[in-house]
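This report walks through one protein chain, from its strands to a helix and the surface beside it. Please keep the sequence and the structure in view while reading.

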Amino acid sequence: MVDLEKNEIRTGGEEIPLFSACAEDSKLCSVLAKEKTIIPVRSESLIQGVPEASIKFRYAVTDFPSHVSKKGVLVAATLVDLKKEAIPVRVLNLDYKPKTIDKGAVIATCEPVVDIVARPQEFSESLRFPSILENLEGLNEEQRTAVKELLHEFQNLFSTSDSDVGRCNMTQHRINTGNHPLIKQYPRRLPLAKKEEAERLVKEMADNGIIE
């Protein structure tokens, strides 16, 4: 959902701030479009960009380039790694006409990030470790201890429960169906015997941010 009053996008339980063309230009680093891109009507696109020149910092937050006039276009503030081959820039077209971003056009500016603080997920050793270590019967005590320390060190990379499936919003997935005609099916009623289970699953996915 887009909240224009607060200049933010709400998706998957996250609030992503947006910046309009009136934002102050930091003039620190410009990001140029890597390829020509057309943003569809009332749609969001992830545009690949490259730094305009060599930079002295690695991590930055993307902002809207104030010297570029693009009415009806917003850019999300995103933490990016400028050493990567391409910089993902999330652009939203609010207009009822497609927007064309030419190759080499300035699509964002970057403000350096001084520090990054990681906030690891809660990791319950009493609940997770026994079930994991039970499947490591071929390891001796020293190896099991090493695995335990590894899980502790990188706990934010591991699932904490069956419902902790994670989420990636850095790219868009498309399914190419070719020239196959559209398939139309009439909605079917769910049997009453399955209604309670279906409602439970939908609520579980909504609570975990899988669906909105």
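A salt bridge is a side-chain nitrogen of Lys or Arg within 4 Å of a carboxyl oxygen of Asp or Glu. The model shown here is predicted. By this rule, six salt bridges are counted in it.

**Salt bridges**

Three of these pairs are set out below.

| Pair | Closest N to O distance | Place |
|---|---|---|
| R90 and E44 | 2.7 Å | strand β10 and strand β6 |
| E197 and R200 | 2.6 Å | both in helix α3 |
| R200 and E204 | 3.3 Å | both in helix α3 |

In the pair R90 and E44, R90 belongs to strand β10 and E44 to strand β6, so the salt bridge ties together parts that are 46 residues apart in sequence. Are the two partners buried or exposed, or partly exposed? R90 has a relative accessibility of 14% and counts as buried, because buried means under 20%. E44, at 26%, counts as partly exposed.

The other two pairs lie within one helix. E197 and R200 are three residues apart in α3, about one turn of the helix. R200 and E204 are four residues apart in α3, which again is about one helical turn. An α-helix has 3.6 residues a turn, so residues three or four places apart point the same way. Salt bridges that share partners join E197, R200 and E204 into one network. Each member of this network is partly exposed: E197 has a relative accessibility of 39%, R200 has 41%, and E204 has 38%.

**Helix α3 and what follows**

Helix α3 has 16 residues. From its first C-alpha to its last it reaches 23 Å, close to the 22 Å expected at 1.5 Å a residue. Just after α3, G209 takes a positive phi of about 75 degrees. I210 also lies in the segment after this helix. At 43% relative accessibility, I210 counts as partly exposed. I210 is one of the residues in a nonpolar surface patch of about 470 Å², together with V165, L201, V202, M205 and I211.

**The strands**

Which strands pair with β4? Strand β4 pairs with β6 (residues 43–51) in the antiparallel sense, over three bridges. Three bridges also join β4 to β12, and these two strands run antiparallel. Single residues show how the strands line up: L32 has V50 in β6 as its bridge partner, and V31 stands opposite A108 in β12.

Strand β6 has a further antiparallel neighbour in β10, to which it is joined by seven bridges. Here S45 stands opposite V91 in β10. The salt bridge between R90 and E44 also links these two strands, since R90 lies in β10 and E44 in β6.

In a regular strand the side chains alternate between the two faces of the sheet. In β4, S30 and L32 are on one side and V31 and A33 on the other. These residues are all buried, so both faces of β4 are covered.

**The nonpolar core**

How many residues does the largest nonpolar core have? It has 20 residues. Those with the most contacts inside this core are V31, I47, L82, V89, V91, I107 and C110. At least two residues of the core come from each of β4 (30–33), β8 (73–76), β10 (87–93) and β12 (106–112). Two residues met earlier in the strand pairing appear in this list: V31, which stands opposite A108, and V91, which stands opposite S45.

**Two loops**

R42 lies in the loop between β5 (37–39) and β6. R42 has a positive phi of about 50 degrees although it is not a glycine. With a relative accessible area of 47%, R42 is partly exposed.

The other loop runs between β10 and β11 (99–101), and Y96 is found there. Y96 has a relative accessible area of 63% and is exposed, because exposed means over 50%. Y96 and G72 are 24 residues apart along the chain, and their C-alpha atoms are separated by 9.0 Å.

Note on methods. Residues numbered from 1 in each chain as written. Predicted model: local features only at pLDDT ≥ 70, side-chain atom pairs only at ≥ 80, totals over all residues. Heavy atoms only, no water. Core = buried A, V, L, I, M, F, W, Y, C linked by side-chain atoms within 4.5 Å. Buried < 20%, exposed > 50% of the residue type's maximum accessible area, 1.4 Å probe, protein only. Patch = residues over 30% accessible without salt bridge, like charges linked within 9 Å, V, L, I, M, F, W, Y side chains within 5 Å. Areas by Shrake-Rupley, 256 points an atom, 1.4 Å probe, with all protein chains shown as cover. Pairing = 2+ DSSP bridges. Expected span 1.5 Å × (residues − 1).
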